[in-house]
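Q: Hi! Could you walk me through this one over coffee?

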Amino acid sequence: MAPTITSEMIHSKEHLSLTNKLRKPVVEKLFRDRINNSLEQLKSLLGPEILNHQSDSKMEKAGILAMTVCFMRRQKQYQSVSSSSC
């Protein structure tokens, strides 16, 4: 005999779907908040680097990430040069 779907099962799936739809914006906001917080931390760690490139407007997230990549590459080069001179 094939399993039957009861009204309780349908209601449960509908309720679950509604709950997920209501939670999605909250979860996305938390995710965006974490990203923005991390970007602010990067901006503060870069310090003078940011001040040299920042215009009067708010710096874009992509710009902060690009500057971080450049900074990290320079740090890596500096470390390799300083370790080879020992």
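A: Happy to; salt bridges come up, then the nonpolar core. This is a predicted model, so to speak of local features we need pLDDT of at least 70, and side-chain atom pairs count only at pLDDT 80 or more, while totals for chains, interfaces and linings use all residues. Residues are numbered from 1 along each chain as its sequence is written, and side-chain values use heavy atoms, with hydrogens and water left out.

Q: How many salt bridges are there?
A: Two, taking a salt bridge as a side-chain nitrogen of Lys or Arg within 4 Å of a carboxyl oxygen of Asp or Glu.

Q: Which residue does Lys 29 pair with?
A: Asp 33, at 3.0 Å from N to O. Both sit in helix H1 (residues 7-46), four residues apart, about one turn of the helix. Helices here are DSSP runs of H or I, at least four residues, numbered from the N terminus.

Q: And what does Glu 40 pair with?
A: Lys 43, with the closest N and O atoms 3.4 Å apart.

Q: Is Lys 43 buried or exposed?
A: Buried, at 17% relative accessibility; buried means under 20% relative accessible area, exposed over 50%, and partly exposed in between (1.4 Å probe, protein chains only). Glu 40 is partly exposed at 44%.

Q: New topic: which residues form the largest nonpolar core?
A: Leu 39, Leu 46, Met 59, Ile 64 and Met 67. H1 and helix H3 (61-84) each supply at least two of them. A nonpolar core is a set of buried Ala, Val, Leu, Ile, Met, Phe, Trp, Tyr and Cys residues joined through side-chain atoms within 4.5 Å.

Terms used. Helix = DSSP H or I, 4+ residues; strand = E, 2+ residues; numbered from the N terminus.
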